[in-house]
Amino acid sequence: MGKRIIVTGGSGFLGTHLLRALVAEGYEVKNIDLRQSKEFDTVVADVQDKERMLVEITDAEAVFHLASLIEAGESVKEPQKFIDYNIDGTLSVLDAMKANGISTFLFSSSAAVYGEPIRVPIQEDDRTMPINPYGMTKLAMEALLSSYVQAHGFTGVALRYFNLYGPEEHHQPETHAIPRFIKQIYEGQEVTIWGNGQHQRDYIHISDIVDAHLKALKYAEVHPAGYHYFNLSTEKPSSVLDIVAAVESAMGKKAQVKHYPERPGDPLLLYADASKAHVELGWSAHVSLQNGVKEVVEYFVRYWEENGQNGN
Ligand SMILES: NC(=O)c1ccc[n+]([C@@H]2O[C@H](COP(=O)([O-])OP(=O)(O)OC[C@H]3O[C@@H](n4cnc5c(N)ncnc54)[C@H](O)[C@@H]3O)[C@@H](O)[C@H]2O)c1
């Protein structure tokens with residue numbers, strides 16, 4: 001068996017893909033999540049449970065901390081819950097690592113740390129001013145990590161990106177545009193677009209994000225005792241209408257698009273500059289929106305044919 005890696009939140013969308021990739025690379029893995037994974041042995045536990053983390057977070061080279069609440073809209077309604085799960089949960093993982101001599105912590109932060117950017121593409125050292133409690137918790141998780149790097153000699157890596165997509169994405173509820181549009185077009189429902197559909201965002205394929213996590217792990221090995229943060233971006237933002245067109249083309253079916261008034265404070269263009277990740281991690285995104293969306297459409301059509309459409 002290879003080196004052991006602990007993944008928190010490994011029963012989720014990213015976690016499942018990351019665990020598979022780590023196993024393929026020869027790592028031994030341990031998943032800690034609130035819910036059982038369909039595919040991997042899971043320690044079913046809450047990362048906020050400090051006593052339990054002390055017992056479970058042992059004997060590993062590194063921890064990928066993916067356990068998090070992720071719904072920005074929900075965070076506006078329930079900020080305290082996000083503070084508990086995301087910030088307190090992170091503290092409990094870091095403290096268990098410190099107690100048990102594990103010092104490499106890698107995590108999926110978010111481009112939500114920037115809030116409304118002062119320029120686009122956003123660079124890592126641009127202003128961070130989150131516009132919702134979700135982004136605030138991600139920024140606080142980064143600050144907590146960097147303080148453990150300084151105070152306790154940890155090695156920390158934070159990866160910041162916008163919209164992740166790919167096969168096997170089954171969030172409940174699903175608020176992400178690509179899986180929602182696929183379902184709506186497949187079922188012949190109306191596709192809701194706020195404004196004229198020209199708003200551009202960065203959509204990044206799961207295989208590219210998993211690859212960045214593996215590269216970050218290697219990077220941490222050769223850059224110990226430092227705090228490192230990287231934007232991950234395709235640098236090719238796509239509009240809402242581009243996504244609709246990609247789904248239509250992959251499905252061979254027209255969407256019934258309905259435009260609603262633009263939402264206030266919705267920036268026209270939002271994406272990040274990933275030069276630092278290109279240079280330091282040796283990472284770039286490879287999957288085009290067209291190919292990525294085609295793969296996801298094929299996945300969902302197969303999934304619904306096999307399972308019916310009630311699942312998601
Ligand atoms: N999906 C995106 O577009 C996106 C973008 C940027 C960053 N991220 C980050 O990537 C990570 C993974 O996202 P995802 O899309 O796979 O989300 P997900 O909801 O599919 O997975 C998160 C997992 O964490 C688990 N979890 C939540 N709170 C927990 C707790 N207190 N204790 C133990 N387990 C807990 C959940 O059960 C779930 O399995 C998150 O940290 C998220 O903030 C996601």
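**Strand β1 and its surroundings in the predicted chain**

Strand β1, helix α1 (residues 13–24) and strand β2 together form a β-α-β unit of right-handed sense. The description that follows, like this opening statement, refers to a predicted model.

Strand β1, which covers residues 4–8, has parallel partners in β2 and in β4. With β2 (residues 28–33), the pairing of β1 is parallel and comprises five bridges, and within this pairing I5 lies opposite V29 of β2. With β4 (residues 62–65), the pairing of β1 is likewise parallel and comprises four bridges, V63 of β4 being the bridge partner of I6. In a regular strand, side chains point alternately to the two faces of the sheet. Strand β1 is mostly covered, in that four of its five residues are buried.

At the level of the whole chain, ten helices and 14 strands are assigned, and 44% of the 312 residues count as buried. The C-alpha trace spans about 55 × 45 × 40 Å along its principal axes. The radius of gyration of the chain is 19 Å, which agrees with a compact globule, because a globule of 312 residues would be expected to have a value near 20 Å. As for the contacts within the chain, among those that join residues at least 6 apart in sequence, 77% link residues at least 24 apart.

Definitions and conventions
Residues are numbered from 1 along each chain as its sequence is written. This is a predicted model: local features need pLDDT of at least 70, side-chain atom pairs count only at pLDDT 80 or more; totals for chains, interfaces and linings use all residues. A residue is buried if 20 or more other C-beta atoms lie within 10 Å of its own, exposed if 12 or fewer, and partly exposed in between; C-beta atoms are placed from the backbone. Helices (H or I, at least four residues) and strands (E, at least two) are DSSP runs, numbered from the N terminus. Two strands pair if DSSP finds at least two bridges between them. A crossover is right-handed if, with the strands pointing away from the viewer, the path from the first strand over the helix to the second runs clockwise. The radius of gyration is taken over C-alpha atoms; the globule rule is 2.2 Å times the number of residues to the power 0.38. Two residues are in contact if their C-beta atoms, placed from the backbone, lie within 7 Å.
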